[in-house]
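Grab a pencil and work through the exercises below. Try each task yourself before you read its solution.

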Amino acid sequence: MKFVLATRNAHKATELKRILEELDLDCELLTVADFPGAPEVEETETTFEGNALLKARALAKFTGLAAIADDSGICVDALDGNPGVLSARWSGATENVDQANLDLVLEQIKDVPTESRGAKFVCAAVAVFPDGKELVATGEMLGSLLNAPTGENGFGYDPIFVPTGFTKTTAQMTASEKDAISHRGKALNQLAHQISEVISKTL
């Protein structure tokens, strides 16, 4: 079975493919880049699940293939759960977006004491099949925020996020270390098991 990943974010596409391939799904993974003219989908929903389904439904309809999408973000306690679904566009920047978003969050929490810098990454991962069947899975990674970026790996808010129980940021972790505990890894792991059940029933 072929699946197409509904993301134009190169970093996220790489991470999605890596996690799904490690889960040994019996399928071929394609990306939006394999389908010129694929629609741009505006994320207008107020939940991670809603936005992920918007993207997957549109791509499944366009390609005729099963589509996998995720929507994820960081929810900061001191910012009342923001940026949340707006994480990827929090700053409103059009260039150096990741850095601009990270800088804005750091500015917004600069006066927040260490013990009040709780945050969590949240991910909703979905699969939408051409026949209309939909699968949904979610995952969270709890942690806290530093006051300055540390580490060169990962992307987005990784350089300031320290997962609970760890002393280093997700940007200091290897890909496999991060995948084992990440919100996206957890959600995709659940989704992969659901997909495997669907594939087994079609054989």
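Before you start, keep in mind that this is a predicted model.

**Exercise 1. Find the neighbours of strand 4 and say how each one runs relative to strand 4.**

Step 1: Look at residues 118-128, which make up strand 4.

Step 2: Check one side. Strand 3 (residues 66-76) is joined to strand 4 by ten bridges, and the two run antiparallel. For a concrete pair, take Val76: its bridge partner in strand 4 is Ala119.

Step 3: Now go on to strand 5 (residues 134-145). Eleven bridges tie it to strand 4, again in an antiparallel arrangement. Here you can pick out Val126, whose bridge partner in strand 5 is Val136.

Step 4: Follow the chain from strand 4 into strand 5. The two form a hairpin with five residues between them, and Gly132 in that turn has a positive phi of about 100°.

**Exercise 2. Is strand 4 largely enclosed or left open by the rest of the structure?**

Step 1: Recall the cut-off: a residue is buried if its relative accessible area is under 20%.

Step 2: Count along the strand. Ten of its eleven residues are buried, so strand 4 is largely enclosed by the rest of the structure.

**Exercise 3. Hunt for unusual backbone geometry in the loop between strand 3 and helix 3 (97-108).**

Step 1: Know what to look out for. Most residues other than glycine have a negative phi, and most peptide bonds are trans.

Step 2: Try Asp80, which sits in this loop. Its phi is positive, about 55°, although Asp80 is not a glycine.

Step 3: Move on to Pro83, also placed in the loop. A cis peptide bond links Asn82 to Pro83, with omega at about 0°.

Step 4: Finish with Asn96, another residue of the loop. Asn96 isn't a glycine either, yet its phi is positive at about 45°.

Step 5: Are Asp80 and Asn96 buried or exposed? Exposed means over 50% relative accessible area. Asp80 has 74%, so it counts as exposed, and Asn96 has 64%, so it is exposed too.

**Exercise 4. Describe the largest pocket and what lines it.**

Step 1: Start with the volume, which is about 780 Å³.

Step 2: Turn to the lining. It has 32 residues, with Thr7, Asn9, Lys12, Glu43 and Ala88 nearest the pocket's centre.

Step 3: Sort the lining by class: you get 13 nonpolar, eight polar and eleven charged residues.

Step 4: Ask which elements contribute. Helix 2 (48-63), strand 3, helix 3 and helix 5 (183-202) each supply at least two residues. Strand 3 gives the largest share, four residues.

Methods. Residues numbered from 1 in each chain as written. Predicted model: local features only at pLDDT ≥ 70, side-chain atom pairs only at ≥ 80, totals over all residues. Heavy atoms only, no water. Buried < 20%, exposed > 50% of the residue type's maximum accessible area, 1.4 Å probe, protein only. Pairing = 2+ DSSP bridges. 1 Å grid on protein atoms, 1.4 Å probe; cavity = no way out; pocket = protein on both sides within 12 Å on 5 of 7 lines; lining within 4 Å. Points joined across faces, edges and corners; volume = space filled by probe spheres on them. Nonpolar A, V, L, I, M, F, W, Y, C, P; charged D, E, K, R; others polar.
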